[in-house]
Amino acid sequence: MGYVVERSTAILTIDFPPVNALGAPVRDGLMARLKQAAADDAVTAIVIIGGNGRFVAGADIRELQNELRGATLKDLTAFMEASPKPVVAAIDGYALGGGLELALGAHARIAAYGAKLGFPEINLGILPGGGGTQRGTRLIGPKHAADLMLSGRHIGADEALAMSLIDEVADGDLRSAAVELTQRKTSPAAAPSTADSRKNRFEERPKSFFDDLRKSNAIKWRGTIAPLKVSECIEAALRLPLEEGLLFERAAFKACKEAPAHAAQVHLFFAERAAAKVSGIDKSVKPRATDSVAIIGAGTMGCGIAMAVANTGIAATLLDVNPANLSNAIERIEKLYSASVSRGSMSAGEAQGARQKIRTAQEYSAIGSCDLAIEAAFEDLNVKREIFARLAEVMMPASVLATNTSALDIDAIAAATGRPDNVVGLHFFSPANVMKLLEIVRGARTSDVTIATAMAFARRIGKIPVIAKNADGFIGNRILRAYGREADFLVEEGANPSQVDGALKEFGFPMGLYLMRDMAGLDVGWRSRVARGIPTDAVDYHATLWDRLCELGRFGQKTGAGYYKYEGRAATPDPEVDEVLKAISLQKGIVRRSFSDSEIVLRIMCAMVNEGAHVLEEGVAQRASDIDVAYVHGYGFPKYRGGPMFWAEREGLGKILAEVQRQSARSPRWKPSALLVRLAQEGADWPG
């Protein structure tokens, strides 16, 4: 912790790489320097600044599960507020969570233009517990406080200034500007302010503001308590003195910490970071540049990928040999950007800048100089092989060739290129410009450099990468098949689609399986099964109802009927589907029975977990937590449950195995994973 005096201002520099996390060493060091500055007669003001262009990126997450040692954030902010010598927080890099709460304890805040500020605690199932809900609300008011604390988003210095979260944006050198600010703060006309002495400039919002906030977010907040506690703390900041508000916040923070959602979300925090690490690749392997990207195929997925690329400032070329497809694609892209501007997720300038990064082409020769090509064509192996043969002819030797296939054999596609080391799977999820997951599939001959490039590209465009070995369905869709298969057998055995969907929604999925299928369209999967000649009389054939509905012309929402019947987008259960189900059960000799919602959830979840265990033991996934990341960010698994494999650990692997073995006695499709059997018998958790 650096300490120098300049123009009677003590400059305290936090230098604790890599991100100046506010762990015990930083807190203790800062408290010692604050006391030193308070006792130094040559000092009339104090600046707290981060070393190497970084302020404080947040608390040390590892301390959340342990008793804090030494000085606390509460001690630091109380000391700063009580200081007769003005304290200025000089913010560069990131001031997030505990870092921003530390800055709020100062008498003034100044930030560099590139600084980012925010309260991301909601992503860990907790709230700003170091005074943030109380000091923050007093500074910026309940509307801005609710926005920042409930979204967890980062804001820039200009936005922070506009909402009074900071006092100034530095014009030039941050350190010099902060010292200059202290000079003004120590002038005879100035007096240090504290959170209590800062008159609350916001009248108490009517109770309806908070009631409406909670009511409008009731579905979104289901399964968690942190958002509700945040709203209660913001409300408390408007009616309680600071000290009472801080006590209220502390009790709310404790409740959040003890809730199951917190453990699940902390698990995901570390799981996402683990997923970014690829086993077996040396740190010396460097990714190649991805400054220009070609997307082949101007359908819905191709448009989404082009937008995901362009939104981060990378030049994107959307190639399709059919000019009508390109025309439709540009129209679709422009509508999507207009919608983003209308709902406020992008400014008009941002949308225009991104749109200008997308150009179109009809000839493969137009993309030859691109660093990366992503094929997003129809899910047909022969079509993809033809495209990759053309890419191999025109692309530079170092270019990465990626396929967006969701299940096809990467090695069979790579064989068409003559350079399989450059080929990788980049499985985006729809809508590709929104969904965070990017499943990166490694073929048998994909090089380390290609994988490193794919991982770096994923992070660059704001995706969360999960690496998978080339295998049928990879990670996500392979487990999804087990999920869908058991749901389909459940409805044949006596449940119905609306009950299964209701049980899954109550568990926490945003949408049930059958409603999701109806929205996607039932005809695509049906036609694919027919084309492949899948035997429909096999004992493990599960899609009989799906096939019968399609034979009746019920293709889902687009035809007004599928598993449900529709008026516009409104879905209602259809008695005709129940009659079709009864006929199927009778034909198969199944005696229908009733199921409870808990039975439905347990059976589907155990099928997913058992398949996940098979995926692990076969090396398709690197670690169990990668499966959790994939399912939360790609398949709508509730965050507050941490993913299917984490859920299984919390339920107990012994309980999961017992259900798998019970089902395996009924059907050979429930082959217990050897890994699950071993871990359950040992009382152990998933490896890694």
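Here are some worked exercises on the predicted model above.

**Exercise 1. Find which side of helix 2 (residues 73-82) faces inward.**

Solution. Start by picking out the buried residues of helix 2: they are Leu73, Leu76, Thr77, Met80 and Glu81. Now recall a bit of helix geometry: an α-helix has 3.6 residues a turn, so residues three or four places apart point the same way. Next, check the arc: the buried residues cover only 125 degrees around the axis, which puts them on the same side of helix 2. Last, see what they pack against: helix 1 (24-39), strand 3 (45-50), strand 4 (87-91), helix 3 (98-104), helix 4 and helix 9.

**Exercise 2. Work out how helix 4 (residues 132-151) and helix 9 (residues 242-258) are arranged, and what kinds of residues make their contact.**

Solution. First, the geometry: the two axes come within 8 Å and cross at roughly 130 degrees. That angle makes helix 4 oblique to helix 9. Then list who touches whom: helix 4 brings Gly132, Thr133, Gln134, Arg135 and Arg138, while helix 9 brings Leu242, Gly245, Leu246 and Glu249. Finally, sort the residues of this contact, and you get 2 nonpolar, 4 polar and 3 charged.

**Exercise 3. Do the same for helix 23 and helix 26 (residues 653-664).**

Solution. Here the axes come within 10 Å and cross at roughly 100 degrees. Angles from 65 to 115 degrees count as roughly perpendicular, so helix 23 is roughly perpendicular to helix 26. From helix 23, the contact uses Leu602, Arg603, Cys606, Val609 and Asn610. From helix 26, Lys655, Ile656, Glu659, Val660 and Gln663 join in. Sorted by type, the residues of this contact divide into 5 nonpolar, 2 polar and 3 charged.

**Exercise 4. Explore the largest nonpolar core and say which residues touch the most other members.**

Solution. Some background first: in soluble globular proteins, nonpolar side chains tend to be buried together. In this model, the largest nonpolar core has 94 residues, and Leu391 and Trp686 touch the most other members. Helix 23 (residues 597-617) gives the most to this core, with 11 residues. Now zoom in on tryptophan 686: leaving aside neighbours within four places in sequence, its contacts include Val609, Ala613, Leu616, Met645 and Leu679. There's also another core apart from this one, with 65 residues, among them Ile46, Ala89, Ile91 and Leu139.

**Exercise 5. Decide whether threonine 450 is buried or exposed, and find what it touches.**

Solution. Locate threonine 450 first: you'll find it in helix 16 (residues 448-460). Its relative accessibility is 0%, so threonine 450 counts as buried. Skipping residues up to four places away in sequence, threonine 450 touches Val400, Asp421, Asn422, Val423 and Val424.

**Exercise 6. Track down some unusual backbone angles in the loops.**

Solution. Know what's usual: most residues other than glycine have a negative phi, and most peptide bonds are trans. Now look at the loop between strand 2 (9-14) and helix 1, where proline 18 sits. A cis peptide bond joins proline 17 and proline 18, with omega about 5 degrees. Asparagine 20 is in the loop between strand 2 and helix 1 too, and its phi is positive, near 60 degrees. At 2% relative accessibility, asparagine 20 counts as buried.

Then move on to serine 430 and proline 431: their peptide bond is cis, with omega near -5 degrees. Proline 431 belongs to the loop between strand 15 (423-428) and strand 16 (437-442). To finish, try serine 164, whose phi is near 70 degrees. Serine 164 counts as partly exposed, at 29% relative accessibility.

Technical notes
Residues are numbered from 1 along each chain as its sequence is written. This is a predicted model: local features need pLDDT of at least 70, side-chain atom pairs count only at pLDDT 80 or more; totals for chains, interfaces and linings use all residues. Side-chain values use heavy atoms; hydrogens and water are left out. Axes are lines fitted to C-alpha atoms, for helices over the stretch in contact, and angles run from 0 to 180 degrees between N-to-C directions. Helices (H or I, at least four residues) and strands (E, at least two) are DSSP runs, numbered from the N terminus. Angles under 35 degrees count as roughly parallel, over 145 as roughly antiparallel, 65 to 115 as roughly perpendicular and the rest as oblique. Contact means heavy atoms within 4.5 Å. Ala, Val, Leu, Ile, Met, Phe, Trp, Tyr, Cys and Pro count as nonpolar, Asp, Glu, Lys and Arg as charged, and the others, Gly among them, as polar. Buried means under 20% relative accessible area, exposed over 50%, partly exposed in between (1.4 Å probe, protein chains only). The arc is that of the directions from the helix axis to the C-beta atoms. A nonpolar core is a set of buried Ala, Val, Leu, Ile, Met, Phe, Trp, Tyr and Cys residues joined through side-chain atoms within 4.5 Å.
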